[in-house]
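Thank you for making the time this morning. I would like to walk you through one model, beginning with a single side chain and working outwards from there.

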Amino acid sequence: MRSGMEVPELMTATQVARILGVSTETLRKWRAKRKCLPYVRVGRHIRYRAADVAAFVEQRTVMPA
């Protein structure tokens, strides 16, 4: 690993589901449809970057007029 390289925080599907208020099954369906939330595959494990989850929430934030 190069010096000074930032490694993003990776979260499990359970952690992300809790944050978003959805089930892990919903996340699985989104992955199958390649919908919405980017993910990282580490071997057989699925992880989500904290920055991607934050961006997902930010993009869906509705501001009242």
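Let me start with valine 53, which, once its neighbours within four places in sequence are left aside, is in contact with Met11, Val16, Ile19, Leu20, Leu37 and Tyr48. Before I go further, please keep in mind that this is a predicted model. Valine 53 sits in helix H3, which covers residues 50-59, and with a relative accessible area of 3% it counts as buried, because the cut-off for that word is under 20%. One of its partners, leucine 37, is 16 residues away in sequence, yet the two C-alpha atoms are 7.2 Å apart in space.

Which residues of H3 are buried along with valine 53? They are Asp52 and Phe56, so that the buried set of H3 reads Asp52, Val53 and Phe56. Looking down the axis of H3, one finds these buried residues within an arc of 100°, and they therefore line one face of the helix. The face turned away from that buried side carries Ala51 and Glu58, both of them exposed. As for what the buried residues of H3 pack against, the list consists of strand E1 (10-11), helix H1 (13-20), H2 and strand E3 (45-49).

That brings me to the core. The largest nonpolar core has 11 residues, namely Met11, Ala13, Val16, Ala17, Leu27, Trp30, Leu37, Ile46, Tyr48, Val53 and Phe56. At least two residues of this core come from each of H1, H2, E3 and H3, and H1 gives the most, with three residues. As background, nonpolar side chains in soluble globular proteins tend to be buried together.

Let me turn to H2, where the buried residues are Leu27, Trp30 and Arg31. Seen down the axis of H2, these too fall within an arc of 100°, so they line one face of the helix, while Ala32 and Lys33 are exposed on the other side. The buried residues of H2 pack against H1, E3 and H3. Just after H2 comes arginine 34, which has a positive phi, near 55°.

Arginine 31 deserves a closer look, since this residue is buried and yet has no salt bridge. How far away is the nearest side chain of opposite charge? That side chain is glutamate 25, at 7.6 Å, whereas a salt bridge here requires a nitrogen and a carboxyl oxygen within 4 Å. Not counting residues up to four places away in sequence, arginine 31 touches Ala13, Tyr39, Ile46 and Tyr48. Seen from isoleucine 46, arginine 31 appears among the contacts again, in a list that also includes Met11, Thr12, Ala13 and Tyr39.

Where, then, are the salt bridges? By the rule used here the count comes to two. In one of them, the side chains of arginine 28 and glutamate 25 meet with an N to O distance of 2.6 Å. Both residues lie in helix H2 (residues 24-33), three residues apart, or about one turn of the helix. Arginine 28 counts as partly exposed at 39% relative accessibility, and glutamate 25 likewise counts as partly exposed, at 37%. Aspartate 52 forms a salt bridge with arginine 49, with the closest N and O atoms 3.5 Å apart. Here arginine 49 is partly exposed, at 36% relative accessibility, while Asp52 belongs to the buried residues of H3, which returns us to the helix where we began.

Conventions. Residues are numbered from 1 along each chain as its sequence is written. This is a predicted model: local features need pLDDT of at least 70, side-chain atom pairs count only at pLDDT 80 or more; totals for chains, interfaces and linings use all residues. Side-chain values use heavy atoms; hydrogens and water are left out. Helices (H or I, at least four residues) and strands (E, at least two) are DSSP runs, numbered from the N terminus. Buried means under 20% relative accessible area, exposed over 50%, partly exposed in between (1.4 Å probe, protein chains only). Contact means heavy atoms within 4.5 Å. The arc is that of the directions from the helix axis to the C-beta atoms. A nonpolar core is a set of buried Ala, Val, Leu, Ile, Met, Phe, Trp, Tyr and Cys residues joined through side-chain atoms within 4.5 Å. Lys and Arg count as positive and Asp and Glu as negative; His and the chain ends are not counted.
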